[in-house]
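Student: Could we go through this protein together, one question at a time? I would like to see how each answer is reasoned out.

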Amino acid sequence: MLKYVYPIALLFVSNIFMTFAWYGHLKYIGTKPLIMAILVSWGVAFFEYCFQVPANRMGRLVYTLPQLKIMQEVITMTIFAGFSAFVMKEKLSLNYLFAALCMVGAVFFIFRGN
């Protein structure tokens with residue numbers, strides 16, 4: 001059972017780092033020179049890869065590549081919605097729900113049997 005859960009848990013952690021690497025500089029170092037934002041983002045992205053690479057290696061043993069990809073996208077949107085609301089103080093709109101419903105459809109189609 002854990003062989004199915006570990007990759008998902010690692011992808012969640014990976015995505016937290018990824019989201020901060022991609023968007024955190026907008027809030028925390030937005031007034032600093034661009035090169036600083038790039039270097040800080042690279043530093044944060046290093047930790048993202050420390051979780052993402054093992055997640056995909058472990059996940060590939062129990063999931064297909066398309067299944068791993070769609071899980072990654074669903075996790076990304078979940079983390080991003082939380083980041084947008086709680087860190088960046090963006091108002092979540094109904095469009096997030098509609099996007100989530102589309103993702104549910106993608107999960108259905110990628111995980112259903114052929």
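Tutor: Gladly; please keep in mind that this is a predicted model. To begin with one detail of the packing, the crossing of α1 and α3 is right-handed.

Student: At what angle do α1 and α3 pack, and what is the name for such an arrangement?

Tutor: Helix α1 covers residues 2–28, and its axis lies 9 Å from that of α3, with an angle of about 45° between the two. Angles under 35 degrees would count as roughly parallel and those from 65 to 115 as roughly perpendicular. An angle of about 45° falls in neither range, so α1 is called oblique to α3.

Student: Which elements does the protein have, and in what order do they run from the N terminus on?

Tutor: The protein has four helices and zero strands, so the order is written with helix symbols alone. From the N terminus on, the elements run α-α-α-α.

Student: How are α1 and α2 placed relative to each other, and what is the handedness of the crossing?

Tutor: The axes of α1 and α2 are 8 Å apart, and the angle at which these helices pack is about 165°. Angles over 145 degrees count as roughly antiparallel, and therefore α1 and α2 are roughly antiparallel to each other. As for handedness, the crossing of α1 and α2 is left-handed.

Student: How do α3 and α4 cross, and what is the handedness there?

Tutor: Helix α3 covers residues 65–87 and helix α4 covers residues 94–111; their axes come within 9 Å and cross at roughly 165°. That makes α3 roughly antiparallel to α4. The crossing in which α3 passes α4 is left-handed.

Student: Is A55 buried or exposed, and how far is A55 from I8 in space?

Tutor: A55 has its place in helix α2, and its relative accessible area is 0%, which is under the 20% limit, so A55 is buried. Along the sequence, A55 and I8 are 47 residues apart. In space, from C-alpha to C-alpha, the distance between A55 and I8 is 7.1 Å.

Student: Is Q52 buried or exposed, and what separates Q52 from F17?

Tutor: Q52 is another residue placed in helix α2, and with a relative accessible area of 17% it falls under the 20% limit, so Q52 is buried. F17 lies 35 residues away from Q52 along the chain. The C-alpha atoms of Q52 and F17 are separated by 9.8 Å.

Student: What percentage of the residues in the protein is buried?

Tutor: A residue counts as buried when its relative accessible area is under 20%. The protein has 114 residues, and the buried share of them is 27%.

Student: Which residues form the nonpolar patch on the surface, and how much accessible area do they have together?

Tutor: One of the patch residues is L34, which is found in helix α2, a helix covering residues 34–59. L34 has a relative accessible area of 64%, which is over 50%, so L34 counts as exposed. The patch is formed by L34, I35, M36, I38, L39, V40 and W42, and their accessible area together is about 720 Å².

Student: How many salt bridges does the structure hold, and which side chains meet there?

Tutor: Side chains of opposite charge can pair when their charged atoms come close. The structure holds one salt bridge, and its two residues both lie in helix α3, four residues apart, which is about one turn of the helix. One of them has a relative accessible area of 48% and the other 28%, and both are partly exposed. The side chains that meet, at 2.7 Å from N to O, are those of K69 and E73.

Student: What is the phi of K89, and why is the sign worth a remark?

Tutor: Most residues other than glycine have a negative phi. K89 is found in the loop between α3 and α4, and at 63% relative accessibility this residue counts as exposed. Although K89 is not a glycine, its phi is positive, at about 60°.

Student: How far apart are L65 and M77 in space?

Tutor: L65 is placed in helix α3 and is exposed, with a relative accessible area of 55%. L65 and M77 are 12 residues apart in sequence, and the distance in space, C-alpha to C-alpha, is 19 Å.

Key:
Residues numbered from 1 in each chain as written. Predicted model: local features only at pLDDT ≥ 70, side-chain atom pairs only at ≥ 80, totals over all residues. Heavy atoms only, no water. Patch = residues over 30% accessible without salt bridge, like charges linked within 9 Å, V, L, I, M, F, W, Y side chains within 5 Å. Areas by Shrake-Rupley, 256 points an atom, 1.4 Å probe, with all protein chains shown as cover. Salt bridge = Lys/Arg side-chain N within 4 Å of Asp/Glu carboxyl O. Buried < 20%, exposed > 50% of the residue type's maximum accessible area, 1.4 Å probe, protein only. Axes fitted to C-alpha atoms, helices over the stretch in contact; angles between N-to-C directions. Left-handed = near helix turned anticlockwise from the far one by under 90°.
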